[in-house]
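Grab a coffee and work through these exercises with the structure open beside you. Try each task before you read its solution.

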Amino acid sequence: MTDKPPETRRPWDKSGRKPYGAHGGKPWTKHRPQRPAAPPEPIDDDTVRLFGAHAVEAALANDARVIKKLALTENGERRLAELIAKRGITVERVLPKELDRILGADTVHQGMMLETGHLPEPELAELAERAVTGGPLILFDQITDPHNGGAILRSAAAFGAAGIVMTRRHSPPLNGTLAKSASGALELVPIALVQNLARAMDELKGMGVKLIGLDGSAADTLEDEVFTGTIGLVLGAEGKGLRQLTAENCDRLVRIATSDTLASLNVSNAAAISLHWIATARARAR
């Protein structure tokens, strides 16, 4: 009971709870724990699942891709109509929520999902031959983040890299997240998968490839390096950089000249800067 007359009672007098702002707090709500997002549906080891407009469109345009299943929303099918007709593909029409269930609720799929086979893997010798007249090879030393891997692939395509060498383990999987970050470049840059990076580096050096490692503590700078001949650019893992054995197997170690304010760079940014610098230096030398 309250001794206040009815006309002077506050709105919360009966319930005992104050509205938002009355005591500087938040509105009263009953706490309900959120359910974790459902994981993506599993697939077999021989299948790659791609999603997102650029990744799916580029894969459909790549004749080397074996198409197993193409699931699209109405808008997605409309966008890809020309490629669908060209390849004679049967489309499975789906709603966005169905792709959310298959790919995971947090996946930005843009109404497109493709299940396909793995791309053919080139031999090291093929990539070394491409690097004789083209851009540098790029070697991953335990770069595992698919967003960084995809961003490096995109820069590799933009600046004409000859290909990428990465290990079968401790490397980002060549599937949806990496492909979406690469924005179609997964279909353009050949990737060789090796068991052991140190052994692959020795093989490449035997083929005349000069291996230059990016190392933030190196005495020499990228800007002072002469990029002639067949080049391999070796990139270290996020945070840790090049492993000791990898660094020792490089012919040269260089760093990107930066201000003292922030000396370190994300590996994908460092790759983009280096590839642009190498392409520019070679163009000037012609």
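**Exercise 1. Work out whether the two faces of strand S1 (residues 48-51) are covered or not.**

Step 1: take one side of S1, where you'll find Val48 and Leu50, both buried. Buried here means under 20% relative accessible area, with a 1.4 Å probe and protein chains only.
Step 2: flip to the other side, where Arg49 and Phe51 are buried too. Both faces are covered, then.
A word on the ground rules: this is a predicted model, where local features need pLDDT of at least 70, side-chain atom pairs count only at pLDDT 80 or more, and totals for chains, interfaces and linings use all residues. Residues are numbered from 1 along each chain as its sequence is written, and side-chain values use heavy atoms, with hydrogens and water left out.

**Exercise 2. Place S1 in its sheet and find which strands stand at the edges.**

Step 1: look for pairing, which takes at least two DSSP bridges between two strands. Strands themselves are DSSP runs (E, at least two residues), and helices are runs of H or I with at least four, numbered from the N terminus.
Step 2: S1 pairs with strand S4 (residues 112-116) in the antiparallel sense over four bridges, and leucine 50 has leucine 114 as its bridge partner in S4.
Step 3: strand S2 (residues 67-72) also pairs with S4, antiparallel, over five bridges. Here leucine 70 is bridged to leucine 114.
Step 4: put together, the open sheet has four strands in the order S1-S4-S2-S3, with mixed pairing. S1 and strand S3 (91-93) are at the edges with a single partner strand each, so each has one side without a neighbour in the sheet.

**Exercise 3. Find which strands helix H1 (residues 53-61) and helix H4 (residues 96-103) lie across.**

Step 1: H1 lies across S1, S2 and S4, at about 40 degrees to S4. Contact means heavy atoms within 4.5 Å; angles run from 0 to 180 degrees between N-to-C directions, using lines fitted to C-alpha atoms, for helices over the stretch in contact.
Step 2: H4 lies across S1, S2 and S4 as well, at about 45 degrees to S4.

**Exercise 4. Explain why strand S8 (residues 209-214) is largely enclosed.**

Step 1: five of the six residues of S8 are buried, so the rest of the structure largely encloses this strand.
Step 2: check the partners. S8 runs parallel to strand S10 (residues 230-236) over five bridges, and parallel to strand S11 (residues 252-255) over three.
Step 3: zoom out to the open, parallel sheet of seven strands, ordered S7-S6-S5-S10-S8-S11-S9.

Conventions:
Buried < 20%, exposed > 50% of the residue type's maximum accessible area, 1.4 Å probe, protein only.
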